[in-house]
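Student: Hey, I've got a structure up on screen and would like to talk it through. Can you walk me around it?
Tutor: Sure, let's have a look together.

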Amino acid sequence: MWAEGSALSTPNAGLVARFGACQRPRCIACANCPKKPMSLDHLPGAPHIAYRGSQLWIEDVRLGDLARSHGTPLFVYSKAAMLSALAAYQRGFAGRKVQICYAMKANSTLGVLQVFAQAGCGFDIVSGGELQRVLAAGADASKVIFSGVGKTREEMRRALQAGIGCFNVESEAELEVLSAVAQAGGHRAPVSIRVNPNVDPKTHPYISTGLKGNKFGVAHERTLQTYQRAAALPGLQVVGIDCHIGSQITEEGPYLDAMDRVLDLVDAIEAARIPVRHLDFGGGLGINYNGDTPPDAGALWTRLLERLDARGYGDRHLMIEPGRSLVGNAGVCLTEVLYLKPGEQKNFCIVDAAMNDLPRPAMYQAFHLIVPLESHGGAPITYDVVGPVCESGDWIGRDRPLHVRPGDHLAVLSAGAYCMSMASNYNSRGRAAEVLVDGNKVHVIRQRETAIDQMRGETLVT
Ligand code: PLP
């Protein structure tokens, strides 16, 4: 949450969007703040999302044209941005045995899943619905891993029938149920136990998952016992170990700490003669929303693999589960300015996207940069950008300097992850349409949801 200090109206005039004092609670002195000032010359998503002159483009398509022809709110994704984010991981893992499992909760639209399936990715799923989706998108079931603290028996049965690669089991109780379900169906379920390494990922508390107080994984101290139980259960086959400590992590330290803690456990588990074939270090790498500077995925993994080699585990099968870092900066949400409403304390810019489309600001006070699709020049006015939903929490950006008129279009950046997949029908608003851009080609990958779509399955009482 930055108090922004200057015009967004002349995109190519250099560092026109320099942000002022950082208002984050953790930022003590802005002079020492690790975040970089933002520039409209290098937006999150660049070079795939960038201004050419006064117009904002995604790959070779002008976003203003998409807003006019497909309507708003509209999510637009760059295929090249997704593949280049994936390529950064692939560079880091060059020469290693690795399976990159896209954590599809970040964005589970079929057309997005298809991009990663065709690129050879595996998938990290957390529900039976995600399993069905990913199979519909053409994924190889043997590359699917199933995480989550509350898998139902039915979800387990379906995943076993599909032949998924691994269940990431999150509790001792789940182990017992999975073994029974597998045995009843004549299967042996491949399992990895998700360890809670008690490492602080230094991120928002709602997206921190690897601390003692979080509901995820098996406590570090109980891990060996849990592996011994898993190895003894007839319906299970131990194949790996995994951890995932949180999301939007922007430092490498928590990853190194978690890796050390997991490898200490592997030492102990294998000393108890339980072989651990694969090591899964989860996802969580952050992206640039407003000057955040997470490590590059390739550089991060080069460092982590050095540590793995030093500990003697460099030749193991590896897995990772990145979500946000593969799609977050590949997507934008386009929205139209409906009304400008000056106020005594605040000016409001009321747009047609809302918290049901973009839930992150309301849920986590998250920041998305908001920029015009076409600049007019002129002095900016500071607005709170808000949606039409009947909640004071329905805001998309606070204190944003914009030079806009009703009918103008804005782009909410970094909207590829945890936006559409978290979208709801609150206020009976239909979910937005989505398009995938590949060079100069535009593919509609989700139609705008109608009121009839929303009412499907409901009945009046007669
Ligand atoms: N793996 C697991 C088990 C998760 O819970 C999550 C998300 O919280 C991810 C992977 C993906 O995290 P991210 O999108 O931050 O990479």
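Tutor: A bit of vocabulary before the sheets: two strands pair if DSSP finds at least two bridges between them. Also keep in mind that this is a predicted model.

Student: OK. In what order do the three strands of the open sheet come, and is the pairing parallel or antiparallel?
Tutor: The order is S3-S4-S5, and the pairing is antiparallel.

Student: Which strands stand at the edges?
Tutor: Strand S3 (49-52) and strand S5 (61-62) do. Each has a single partner strand, so one side of each is left without a neighbour in the sheet.

Student: And how many bridges join S4 to S5?
Tutor: Two bridges link S5 to strand S4, which covers residues 55-58. If you want a pair to click on, Trp57 has Arg62 in S5 as its bridge partner.

Student: What about S15, which strands pair with it?
Tutor: Strand S7 (residues 98-103) pairs with strand S15 (residues 317-320) in the parallel sense, over three bridges. Strand S14 (residues 278-280) also pairs with S15 in the parallel sense, again over three bridges.

Student: Which residue of S15 is the bridge partner of Gln99?
Tutor: That's Met319. Met319 in S15 also has Asp280 standing opposite.

Student: Switching to helices. How do people describe two packed ones?
Tutor: By the angle between their axes and the distance between the axes.

Student: Then what are the angle and the distance for H2 and H9?
Tutor: Helix H2 (residues 79-92) packs against helix H9 (residues 297-310) at an angle of about 20°, and their axes are 7 Å apart. That makes H2 roughly parallel to H9, since angles under 35 degrees count as roughly parallel. The crossing of H2 past H9 is right-handed.

Student: Which residues make that contact?
Tutor: From H2 you have Ala88, Tyr89, Arg91 and Gly92, and from H9 there are Ala297, Gly298, Leu300, Trp301 and Thr302. By class, the contact of H2 with H9 has five nonpolar, three polar and one charged.

Student: Next, H5 and H6: are they roughly parallel or oblique?
Tutor: Helix H5 (residues 153-162) and helix H6 (residues 172-184) pack at an angle of about 50°, with 10 Å between their axes. That makes H5 oblique to H6. Their crossing is right-handed.

Student: Who meets whom there?
Tutor: In H5, look at Arg153, Met156, Arg157 and Leu160, which meet Val177, Leu178, Val181 and Ala182 in H6. The contact of H5 with H6 comes out as six nonpolar, no polar and two charged residues.

Student: How do H4 and H5 cross, left-handed or right-handed?
Tutor: Left-handed for H4 and H5. The axes of helix H4 (residues 128-136) and H5 come within 9 Å and cross at roughly 25°. H4 and H5 are therefore roughly parallel to each other.

Student: And which side chains should I highlight for that contact?
Tutor: On H4, pick Gly128, Leu131 and Leu135; on H5, pick Glu154, Glu155, Arg158, Ala159 and Ala162. The contact of H4 with H5 has four nonpolar, one polar and three charged residues.

Student: New topic, backbone oddities. What's the usual situation?
Tutor: Most peptide bonds are trans, and most residues other than glycine have a negative phi.

Student: So where are the cis bonds?
Tutor: One cis peptide bond joins Ala46 and Pro47, with omega about 5°. Pro47 sits in the loop between strand S2 (19-22) and S3. Another cis peptide bond joins Thr72 and Pro73, where omega is about -5°. You'll find Pro73 in the loop between helix H1 (63-70) and strand S6 (74-78).

Student: Which residue has a positive phi although it is not a glycine?
Tutor: Gln365, at about 50°. Gln365 is in the loop between helix H11 (360-364) and strand S18 (370-372).

Student: Last thing, the ligand. Which residues come nearest?
Tutor: There are 17 residues around the ligand, and Ala103, Ser247, Gly283, Gly323 and Arg324 come nearest.

Student: How does that shell divide by class?
Tutor: The residues around the ligand are four nonpolar, nine polar and four charged.

Notes:
Residues are numbered from 1 along each chain as its sequence is written. This is a predicted model: local features need pLDDT of at least 70, side-chain atom pairs count only at pLDDT 80 or more; totals for chains, interfaces and linings use all residues. A residue is near a molecule or strand if its C-beta atom, placed from the backbone, lies within 6 Å of it. Ala, Val, Leu, Ile, Met, Phe, Trp, Tyr, Cys and Pro count as nonpolar, Asp, Glu, Lys and Arg as charged, and the others, Gly among them, as polar. Helices (H or I, at least four residues) and strands (E, at least two) are DSSP runs, numbered from the N terminus. Axes are lines fitted to C-alpha atoms, for helices over the stretch in contact, and angles run from 0 to 180 degrees between N-to-C directions. Angles under 35 degrees count as roughly parallel, over 145 as roughly antiparallel, 65 to 115 as roughly perpendicular and the rest as oblique. A crossing is left-handed if the near helix is turned anticlockwise from the far one by less than a right angle, and right-handed if clockwise. Two residues are in contact if their C-beta atoms, placed from the backbone, lie within 7 Å.
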